[in-house]
Amino acid sequence: MTRRLALILLAGTALAACAPPPPTLGPDGRPLPKLYRISGADARRIPFRALDAVNALRQGAGVPPLTLDDRLTAAAETHSRDMSLQNRPWHFGSDGSSPIDRVRAVGFDGVFLGEAISETFESELETIAAWMQEPGPRAVILDPQARRMGFAFFQEENGKIWWTLTVGT
């Protein structure tokens, strides 16, 4: 009986060692989010994953798909970095520039239609999902006139990510 009990305890310990550790819970009792650290390889894929997600949402809404635009992405990248420097998510640059000023500065030749911004520790897909819950960003993503999109981010050392999505004709 003692040998059998020892084998059961040993087997239970071995199985417990295979189980994942319990999640760390926040004060609300829900699991805390994991830090989303963007690698160099992921950084190159993120705009395409975002484009795929946005186009799936647009398809569901019955509006035309978007294509990535290098100039809109350059404007989005500039703004993501600048929001980090200002330590606040808002649509104006530290130099007073508006979204229209930024897309003009990079030589965008279409009509600027809108911008969605975020300060978060979440992935691009989680961020797009959150934008879809807000009327303003949702309208930008689903604008039926839009044909081109820029998408960029800046990640701080602490993991905070500043996301910017721009759309135009």
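Me: How many residues does helix 3 have, and what distance does it reach from its first C-alpha to its last?
Reply: This is a predicted model, in which local features need pLDDT of at least 70, side-chain atom pairs count only at pLDDT 80 or more, and totals for chains, interfaces and linings use all residues. Residues are numbered from 1 along each chain as its sequence is written, and side-chain values use heavy atoms, with hydrogens and water left out. Helices (H or I, at least four residues) and strands (E, at least two) are DSSP runs, numbered from the N terminus. Helix 3 (residues 70–86) has 17 residues and a reach close to the expected span (1.5 Å times one less than its number of residues), namely 24 Å.

Me: Which residue follows helix 3, and what is its phi?
Reply: The residue after helix 3 is asparagine 87. Its phi is positive, near 55°.

Me: Is strand 4 largely enclosed or open, and why?
Reply: Buried means under 20% relative accessible area, exposed over 50%, partly exposed in between (1.4 Å probe, protein chains only). One side of strand 4 has Ile161, Trp163, Leu165 and Val167, and the other has Trp162, Thr164, Thr166 and Gly168, all buried. Because eight of its eight residues are buried, strand 4 is largely enclosed.

Me: Which residue of strand 4 is the bridge partner of glycine 114?
Reply: Two strands pair if DSSP finds at least two bridges between them. Strand 2 and strand 4 are antiparallel, with eight bridges. Strand 3 also runs antiparallel to strand 4, joined by eight bridges, and there methionine 149 has valine 167 as partner. The partner of glycine 114 is valine 167.
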